[in-house]
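Visitor: I have the sequence and the structure open, and I would like to go through them with you one question at a time.

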Amino acid sequence: MTGFRLPAGGRLDRGRRIRFTFDSKPMTGHPGDTLASALLANGVRVVGRSFKYHRPRGVFSAGVEEPNALVQLGRGEYSEPNVRATQVELYDGLEARSLNAWPNLRYDLGAATGLFAPLLGAGFYYKTFMPSQRAWQRVFEPAIRRMAGLGRAPQVADGEIYDHTHRHCDVLVVGGGPAGLMAARAAARSGARVVLCDEQSEFGGSLLSGSVPVDGRPGAEWAKDALTELHALPEVTVLRRASAFGYYDHNYVCIAQRRTDHLPVGGRGQGPRQRLWHVRARQVILATGAHERPLVFPGNDLPGVMLSGAVRTYLGRYGVAPGRRLVVATGNDGAYRLALDWLDAGLPVAAVLDLRTGVDSALPREVWRRGVSVFQGHGPTAATGRNGLTGIEAAALDPANGGLAGRPFHIDCDLLAVSGGWNPAVHLFAQSQGRLRWDDRRACFVPGYAAQSVRCVGAANGTFDLAAALAEGLTAGTDAARDAGFESPAPTYAPHVDTVEETPAQTAWLLPGHGKRFVDLQNDVTADDIGAAAREGFDSVELLKRYTTAGMGTDQGKTSNVNALALLSVATGRSIPKTGTTTFRAPYTPVPFGLLGGRSVGPLFEAVRRTPIYDWHVGHGAVFEDVGQWKRARWYPRGGETMREGVARECLAVRNAVGMLDASTLGKIELAGPDVGIFLDRIYTNRFSDLGIGRCRYGLMCREDGMVFDDGVTTRLDENRWLMTTTTGNAASVLDWLEEWRQTEWPDLRVFCTSVTEQWATVTLAGPNARDVLQRLAPEMALSAADFSFMTMREGTVAGMAARVFRVSFTGELSYEINVAWHHGLALWEAAIEAGRPHGLVPYGTEAMHVLRAEKGYIVVGHETDGSVTPIDLGMDWIVSKRKDFVGRRSLSRPDTARGDRKQLVGLRPIDPGAVPTEGAQIIDKPELPPPAPMLGHVTSSYWSPSLGGGFALALMRNGRARMGETVIAWDRGTATEARIVEPVFYDPEGSRRDG
């Protein structure tokens with residue numbers, strides 16, 4: 001044996017060597033290795049440091065459940081943090097670095113935190129650092145945040161490409177182990193469209209590392225033949241290196257496929273690195289296997305303590321012996337297979353510690369026959385060593401009182417393989433809203449009620465016997481194909497596997513001894529932490545998770561959760577089923593953000609929408625802001641003026657002369673049909689069915705809970721056609737809202753909704769001279785106040801173009817909104833510029849628009865509303881009809897919506913005219929109140945107004961309308977702005993300027 005690599009065996013290409021580095025130290029491996037197996041082969045025992053105590057940690061498992069062996073891969077744009085070494089396929093030039101250690105892995109100064117371990121128990125940050133709020137905010141929280149995390153996010157953009165694809169199939173099989181292959185083959189033989197995925201590079205699962213023959217030949221050969229058959233079938237898609245991470249409604253499963261991660265960075269080509277498969281399946285079969293459960297005993301986190309199944313995998317699949325002298329500690333017969341494989345490799349087994357007594361089945365007998373000491377009724381009580389295992393203490397156990405039945409004795413070893421049982425990987429099943437049930441005999445949660453068309457097979461179903469798992473896969477594949485509408489052409493039989501009698505398994509959730517007994521290895525959660533949480537009242541499993549951080553690491557507790565909830569059940573005296581589980585959420589394993597984004601990054605991240613006047617705005621130096629997906633001109637700088645100066649200039653132009661706004665982004669929805677009036681009566685809080693042709697009316701929409709959803713002006717164009725305007729950012733949501741009610745609640749109404757936002761360009765003229773400018777553009781249109789009154793619409797010709805002109809105002813000034821065909825928008829804008837020159841026309845942007853509307857007390861949905869504001873809160877009860885029904889009316893009739901202490905819309909005028917309260921600032925009574933001061937409300941909009949000669953704001957404040965004239969404080973991050981509560985209409989409250 002060279003180093004820790006066996007002279008033969010494993011599924012490796014021993015004729016080739018791969019060079020890689022770990023913490024800058026050069027090492028070699030072979031094609032077929034994972035980074036974890038190569039590190040073990042090179043004698044690396046310490047791979048990382050734990051999260052809290054910085055204790056040395058080594059490779060613990062061989063798959064997705066790995067809690068310890070996390071590394072930082074690559075550098076620069078190819079750097080990736082918190083990658084499991086057990087899932088990284090070795091490639092030439094791979095660079096890996098250890099995490100959570102400084103200055104290096106061997107001498108980590110962070111390990112000094114272990115000296116303060118008594119102070120760092122469950123919830124230590126709540127108990128130790130929070131009594132002083134100032135110290136917490138300025139010292140402890142920043143320090144804890146700097147220490148938090150393991151790997152480091154790269155500082156440059158990802159250089160890789162990711163993409164998405166969609167697939168429909170009849171049967172999706174997740175998992176390419178023996179049960180999954182059997183199920184896929186049975187379903188595929190029927191002619192059904194089958195998708196088979198597995199997160200490994202090679203299909204076969206446990207058959208790749210085991211020695212159990214299938215149909216009289218090595219299991220790996222049977223798996224290879226099954227896969228060859230599947231590849232030959234035309235309706236089968238086989239996805240390797242593909243992890244199903246999310247199971248959603250209607251059998252929608254997301255699969256992350258690693259296409260080039262196993263290749264050197266320079267040899268990955270131009271294609272996507274990873275692909276996200278969106279799969280819709282008629283039937284789903286989950287063959288996701290199981291995770292081995294560790295034993296909880298003192299020192300169980302030392303490098304050299306590993307899961308029994310993982311040691312067997314490294315031995316059989318990778319030709320690596322993770323140690324020289326092995327001890328096996330188990331409560332089931334399965335771990336005895338490891339002892340036999342270890343002996344077959346010519347390596348010594350120091351002892352087997354079996355938690356059970358009276359064991360006399362085939363595998364234990366064979367191990368004993370080959371000269372290995374088997375200690376029944378014994379378990380490990382301590383692991384010894386500093387940076388790696390050097391031996392263990394073992395003793396006879398007293399199951400009656402949970403203590404020892406004899407004196408501990410020492411066994412020299414450098415590898416301890418533990419097996420506390422198996423937990424079926426039920427994560428995807430639970431995500432599908434399936435219910436779990438506790439199986440006392442197997443001591444694990446297994447799938448119960450299925451909410452969707454899904455079947456679990458093999459170890460994922462709690463079936464750990466290979467012969468039974470193969471038979472289960474066959475039945476599930478056949479039945480799934482039949483339920484999808486396909487029949488198998490001929491009977492198929494499961495392959496033959498020799499069965500071996502086994503002694504029933506026994507579970508010990510906690511072994512006795514002195515020292516730290518770790519439950520969650522990544523987050524350093526101990527059995528004592530679980531007990532302390534229960535004593536302190538955190539006896540819900542969800543609260544336990546958050547208080548202790550058990551199961552909150554990158555592994556999501558795959559090796560710790562069941563042990564943790566079992567210990568909680570012991571501490572609370574409840575059964576494990578009564579204690580329950582935490583919520584299984586996607587993703588099952590971490591997914592790169594780049595994969596979720598796919599090709600929707602950079603300019604493709606979101607559609608950018610531009611008005612037909614956009615180029616003119618750019619050419620005249622406009623500063624833009626994003627409103628929804630739209631680019632809107634915020635203001636137009638001139639010379640070296642500041643934003644406040646520029647916006648003030650634009651505002652004064654509107655107030656004193658005339659301004660022009662590109663309002664093309666307003667949401668515009670055309671409604672057609674004889675029942676539109678009835679429909680709008682139900683949608684809006686006020687009546688619309690009596691609106692005359694050519695008339696406009698402002699309307700307010702509420703959700704079912706009575707909270708304001710959107711507002712806008714709707715115009716009746718003719719008997720059966722209406723035009724609704726909405727806020728820019730809410731246009732799509734409003735259309736969706738209308739369609740939901742039209743199609744699902746009132747399908748009898750004859751109404752059709754069409755988005756026409758991009759059919760019409762809109763130019764708004766506002767100000768005392770607006771009528772004169774429009775008259776130059778439309779000399780034949782009668783524009784006097786008598787001929788063209790407020791809230792009416794006229795159709796005619798403007799600047800030689802067919803147009804609709806709406807006499808509405810969002811500034812409080814005389815105003816006209818002119819709609820022309822989208823492609824005529826720029827021509828209208830430029831014509832208006834020329835016509836307005838003699839009248840001092842100035843283009844103004846959205847910032848001036850907001851100042852002007854706020855001066856008038858006009859609301860903006862999203863500023864003055866946040867989903868918890870009713871029309872009554874806004875002082876708009878005048879728009880809420882008492883004589884008709886509408887969406888949200890019943891909620892508005894509740895006493896809660898009329899409470900006097902609800903937050904109400906008010907105005908604020910700072911005592912210092914030069915001050916402008918910050919938007920979002922909290923309103924309090926006095927700045928000297930000790931924290932936390934009672935919050936009365938918050939500032940929703942705030943601006944500096946040249947017309948008012950100072951700052952002002954709109955705010956939502958508790959019982960605000962009853963406090964007019966009082967003084968309050970707008971508090972924002974230590975800045976206190978004293979302001980007087982006033983009416984929310986600051987400018988021209990009579991509305992006389994609206995008609996010019």
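Visitor: Which residues does Leu416 touch, not counting residues up to four places away in sequence?

Guide: This is a predicted model, and what follows is computed from it. Contact here requires heavy atoms within 4.5 Å. Leaving out residues up to four places away in sequence, the partners of Leu416 are Phe297, Gly304, Val305, Met306, Val327, Ala329, Pro380, Leu389 and Ile392.

Visitor: Which helix gives the most to the largest nonpolar core?

Guide: That core has 80 residues, and those that touch the most other members are Phe22, Leu35, Leu94, Tyr314, Trp342 and Leu416. With seven residues, the greatest contribution to this core comes from the helix spanning residues 334–344, which is α7.

Visitor: In what order do the five strands of the open sheet lie?

Guide: The pairing in this open sheet is mixed. Its edge strands, each of which pairs on one side only, are β2 (25–29) and β6 (80–84), and neighbouring strands are turned against each other by 35° on average, direction ignored. Read across the sheet, the order is β2-β1-β7-β5-β6.

Visitor: Which residue of β6 stands opposite Val71?

Guide: Strand β5 covers residues 70–73 and runs antiparallel to β6, to which three bridges join it. Across from Val71, the residue in β6 is Val83.

Visitor: How many residues of strand β13 are buried?

Guide: A residue counts as buried when its relative accessible area is under 20%. Strand β13, which takes in residues 242–248, is mostly covered, and its buried residues number six of seven.

Visitor: Which residue in the hairpin of β13 and β14 takes a positive phi?

Guide: The strands β13 and β14 (residues 252–258) run antiparallel and are joined by six bridges, and one pair of bridge partners is Tyr247 with Val253 in β14. Three residues lie between the strands of this hairpin, and the one with a positive phi, near 60°, is His250.

Visitor: Turning to the protein as a whole, what share of its 996 residues counts as buried?

Guide: The protein contains 23 helices and 50 strands, and its C-alpha atoms fill a box of roughly 110 × 70 × 55 Å along the principal axes. Its accessible surface comes to about 41,500 Å², with 51% of that belonging to carbon and sulfur atoms. Of the 996 residues, the share that counts as buried is 56%.

Visitor: Among contacts between residues at least 6 apart in sequence, what percentage joins residues at least 24 apart?

Guide: The question sets aside contacts between residues that are not at least 6 apart in sequence. Among the contacts that remain in the protein, the portion joining residues at least 24 apart is 66%.

Methods. Residues are numbered from 1 along each chain as its sequence is written. This is a predicted model: local features need pLDDT of at least 70, side-chain atom pairs count only at pLDDT 80 or more; totals for chains, interfaces and linings use all residues. Side-chain values use heavy atoms; hydrogens and water are left out. A nonpolar core is a set of buried Ala, Val, Leu, Ile, Met, Phe, Trp, Tyr and Cys residues joined through side-chain atoms within 4.5 Å. Buried means under 20% relative accessible area, exposed over 50%, partly exposed in between (1.4 Å probe, protein chains only). Helices (H or I, at least four residues) and strands (E, at least two) are DSSP runs, numbered from the N terminus. Two strands pair if DSSP finds at least two bridges between them. Axes are lines fitted to C-alpha atoms, for helices over the stretch in contact, and angles run from 0 to 180 degrees between N-to-C directions. Accessible areas come from the Shrake-Rupley method with a 1.4 Å probe; for residues, only the protein chains shown count as cover.
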